[in-house]
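Please take a moment to look over the sequence and the fold before reading on. The paragraphs below are meant to be read with the structure open beside them.

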Amino acid sequence: MADQRVDIKALDTIFSNMLRAMDQSKNDIFIISERSRKSFDDMKAELEMVENAVARLLTENSQLEEKSRISRKRLAEVSKNFASYSESEIREAYETANNLLIELSVNEMEEKQLQQRRFELEKRMNDLLETMQRADQLVNRVSSVVNYLMSDLQNVGEALQDASLKQNFAISIIEAQEEERKRLSRDIHDGPAQMLANVLLRSGLIEKVYAEKGADLAFQELNELKETVRDALSEVRRIIYNLRPMALDDLGLVPTLEKYLSSTENFERATKIHFISIGKPLRLPTNIEISVFRLVQESVTNAIKHGHSKDVWVKIEWLRDILNIEVKDNGKGFELQEVRDKSFGLIGMRERVELLKGEMKISSTPGKWTKVTFGVPLNSAVIDTIT
């Protein structure tokens, strides 16, 4: 069989062209987003003018209706006592009533047109808001992929010398990264993006409430808006923490897991998480600590999201030469044969454990429970102990 060698220079050219194309796509999406935002701001300003005009017309119409009522009453009196009034007085009564009626009709027609314009503006603003959200999501996704290609793939050159290894390695990395990007995109879309969109719409509502119903109700709406902003901030902090727990570098694995599991329990109110660490905790190299953290994080997420578990038990056992981790839940479980080769999350977890030269076991009973265990060898990986 002919010796197959990978042309690294050709791969570099391909990656460079790919990066340029993706970066240009990101810029194009950004331009679309900015133009949409500019149109949104223009429509918002026009909507404010339309609402002011509607408010003014409503006030004028109220005044005209009162005047018209008085004029009709005057006209009825003149008509009833026709002989008691001069010709000029009769003409004045009829003309006044008629002019007020015409003016009121014109104002009502103008108000109807403005109301229709307001409806159209609000609909277009909602469409633009959705377009901006989608554009921002696409920009973030493309930026994440570009950053990944510029950073993580720079060190893959040596591994790509083997053609079969290149195929398996590249596909698994890209799929794993894309899966993480999808999860992050869903978290941002379902959490902060929706909350911020709500903040934008409610801010306009507060202006309207202030104009029509006074400061007290406006301040009430403002307090509710503050709560929404506070929830959005909390959600953003949770997403940032899930991306990279800074406490891992400073405190180590056990305190970081305790903090993460406590935060998850507070966020997932329907699930109780039980955590125990047996033995003396050790400080491990950063790549091992972050890998173990991700394995526990993925297992707990699966137990909550897919297992719908009411209780999750996380146990870490520190032995002399091995670190044992067990994550067990009382969720709905699954058939191992049905998901063994279909769940990319489980495949990624197995690959992560294999990189640590450890072992992973999964057992589950449908409708009852699931248990995931990891064994990670320690020996020379330990750098110092926590005193």
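What follows is a walk through a predicted model, beginning with a sheet and the helices that lie across it, and then turning to a few individual residues.

The sheet is open and is built from five strands, which are arranged in the order S1-S3-S4-S6-S5 with mixed pairing. At its edges stand strand S1, residues 272-278, and strand S5, residues 359-365; each of these has a single partner strand, so one side of each is left without a neighbour in the sheet. From one strand to the next, the twist averages 10°.

Within this sheet, strand S3 (residues 311-318) and strand S4 (residues 322-329) run antiparallel and are joined by seven bridges. One of the residue pairs to look for in the model is that of Val-312 with Asp-329, the latter being the bridge partner that S4 supplies.

Two helices can then be placed against these strands. Helix H6, residues 253-267, lies across S1, S3 and S4, and its direction makes an angle of about 170° with S1. Helix H7, residues 286-305, lies across S1, S3 and S4 as well as strand S6 (369-377), and it runs at about 15° to S4.

The loops that lead into two of the strands each hold a residue with a backbone angle worth checking. In the loop between H7 and S3 sits His-308, whose phi is near 50°, a positive value in a residue that is not glycine. Lys-357, in the loop between helix H9 (344-355) and S5, likewise has a positive phi, here near 60°, and it too is a residue other than glycine. Is each of these side chains buried or exposed? His-308 has a relative accessibility of 56% and therefore counts as exposed, the cut-off for that term being over 50%; Lys-357, at 71% relative accessibility, also counts as exposed.

A residue with the opposite label is found in helix H2, which spans residues 87-151 and contains Asn-107. Because its relative accessibility is 8%, Asn-107 counts as buried, a label that applies under 20%. Which residues does Asn-107 contact, once its neighbours within four places in sequence are left aside? They are Leu-57, Glu-60, Asn-61 and Leu-64. With one of them, Asn-61, the side chain of Asn-107 makes a polar contact, side chain to side chain, at 3.3 Å.

How values were computed. Residues are numbered from 1 along each chain as its sequence is written. This is a predicted model: local features need pLDDT of at least 70, side-chain atom pairs count only at pLDDT 80 or more; totals for chains, interfaces and linings use all residues. Side-chain values use heavy atoms; hydrogens and water are left out. Two strands pair if DSSP finds at least two bridges between them. Helices (H or I, at least four residues) and strands (E, at least two) are DSSP runs, numbered from the N terminus. Axes are lines fitted to C-alpha atoms, for helices over the stretch in contact, and angles run from 0 to 180 degrees between N-to-C directions. Contact means heavy atoms within 4.5 Å. Buried means under 20% relative accessible area, exposed over 50%, partly exposed in between (1.4 Å probe, protein chains only). A polar contact is a pair of N or O atoms within 3.5 Å; within protein, one must be able to donate a hydrogen and the other to accept it, and residues adjacent in sequence count only if both atoms are side-chain atoms.
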